[in-house]
Amino acid sequence: MRTSTKPLIVALLLFVNCDINMKFKGEDKNWSNIYKTNDILIFTSKKSQDTIYISSVETKNTNVDVMTSSYNPICTNVNYTDSNNRIFNMFSICKEEPNIPTWAGFNFKNDKGRIKEINNYPVSTIIFRGKERKGYMFSPYKPMKPSFWWDLDYGLRNPNLEYFIWDKEYGIIEYKTMQGEVFVLNQFIREKENILK
């Protein structure tokens, strides 16, 4: 008795062809390219200075079980080292499937939060270095709705920051501590040059 090999070949082709690597496009690409390894960010307040060293920026696809999805998500992870040589994750941005919104997760100054859909997050007008710019204000401190993670509606139970501001070109440009100290990005050093315009 002869058996057909066509179903086996079709199944094998589907298995091979369904492992698709996602890519960042449009505005997502801008988010993923904000920082480069070895960038140095120097923030100053009226009282002190805070220097952040971008220790690693890695963009890669993550393999998934082809039974759950035919797409391999793409993620960019940015880690930084503070003045005391401690390494932290600053943020991650991930695109999991074409029809699922791109999300970003922050861990800046140990205040963890996740933006479920970065391209629908409310845009803020920001004054930076005397010019009006477009960006985003993230508020870990929201006393009316405390939670373990912050997002558009909820704040952290014990935040370190009242807010931080994300600029579309330079990333984090300002933050305010719970003690009321405001730090503003004073220098963005890339390849020994300050790229702030």
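## Asn107 and its surroundings

Asn107 touches Asn89, Met90 and Lys112 when residues up to four places away in sequence are not counted, a contact being defined as heavy atoms within 4.5 Å. The residue is placed in the loop between strand 7 (103-106) and strand 8 (113-115), where helices (H or I, at least four residues) and strands (E, at least two) are DSSP runs numbered from the N terminus. Although Asn107 sits in a loop, it counts as buried because its relative accessibility is 13%; here buried means under 20% relative accessible area, exposed means over 50%, and partly exposed lies in between (1.4 Å probe, protein chains only).

## Basis of the model

This is a predicted model, in which local features need pLDDT of at least 70 and side-chain atom pairs count only at pLDDT 80 or more, whereas totals for chains, interfaces and linings use all residues. Residues are numbered from 1 along each chain as its sequence is written, and side-chain values use heavy atoms, with hydrogens and water left out.

## Overall composition

The protein contains 2 helices and 16 strands, and 39% of its 197 residues are buried. Among contacts with a separation of 6 or more, 47% are accounted for by residues 24 or more positions apart. The exposed surface of the protein comes to about 12,100 Å², of which carbon and sulfur atoms supply 51%; these areas come from the Shrake-Rupley method with a 1.4 Å probe, and for residues only the protein chains shown count as cover.

## The largest nonpolar core

The largest nonpolar core has 40 residues, and the members that touch the most others are Trp31, Tyr35, Met90, Phe106, Phe138 and Trp166. Strand 13 (residues 161-167) makes the greatest contribution to this core, with 5 residues. Such a core is a set of buried Ala, Val, Leu, Ile, Met, Phe, Trp, Tyr and Cys residues joined through side-chain atoms within 4.5 Å.

Trp31 illustrates how these members meet: leaving aside neighbours within four places in sequence, Trp31 is in contact with Phe91, Ile93, Ala104, Phe106, Ile118, Tyr136, Phe138 and Trp166. Met90, another of the members that touch the most others in the core, is also a contact of the loop residue Asn107.

## Strand 13 and its partners

Of the 7 residues of strand 13, 6 are buried, so the strand is largely enclosed by the rest of the structure. Strand 13 pairs with strand 10 (residues 131-138) in the antiparallel sense over 4 bridges, pairing being assigned if DSSP finds at least two bridges between two strands. Within this arrangement, Gly135 has Asp167 of strand 13 as its bridge partner.

Strand 13 is also joined by 6 bridges to strand 14 (residues 171-177), and these two strands run antiparallel. The bridge partner of Leu161 in strand 14 is Thr177, and a hairpin connects strand 13 to strand 14 through 3 residues.

## Salt bridges

A search of the whole structure finds 6 salt bridges, each being a side-chain nitrogen of Lys or Arg within 4 Å of a carboxyl oxygen of Asp or Glu. In one of them the side chains of Arg190 and Asp39 meet at 2.7 Å, N to O. Arg190 lies in strand 15 (residues 182-190) and Asp39 in the loop between helix 2 (26-32) and strand 2 (40-44), so the pair ties together parts that are 151 residues apart in sequence. Both Arg190 and Asp39 are buried.

Arg133, Asp167 and Glu169 are linked in a network of salt bridges. The side chains of Arg133 and Asp167 meet at 2.7 Å, N to O; because Arg133 lies in strand 10 and Asp167 in strand 13, the pair ties together parts that are 34 residues apart in sequence. The side chains of Glu169 and Arg133 meet at 2.8 Å, N to O, and this pair links distant parts of the chain, with Glu169 in the loop between strand 13 and strand 14 and Arg133 in strand 10, 36 residues apart. Asp167 counts as buried at 1% relative accessibility, whereas Glu169 is partly exposed, with a relative accessible area of 36%.

## The disulfide

The structure holds 1 disulfide, the term denoting a pair of cysteine sulfur atoms within 2.5 Å. This disulfide joins Cys75 to Cys94, with an S to S distance of 2.1 Å. Cys75 lies in strand 5 (residues 74-81) and Cys94 in strand 6 (residues 87-95), so the pair ties together parts that are 19 residues apart in sequence. The torsion about the S-S bond of Cys75 and Cys94 is about 120°, so the disulfide is right-handed, and both Cys75 and Cys94 are buried.
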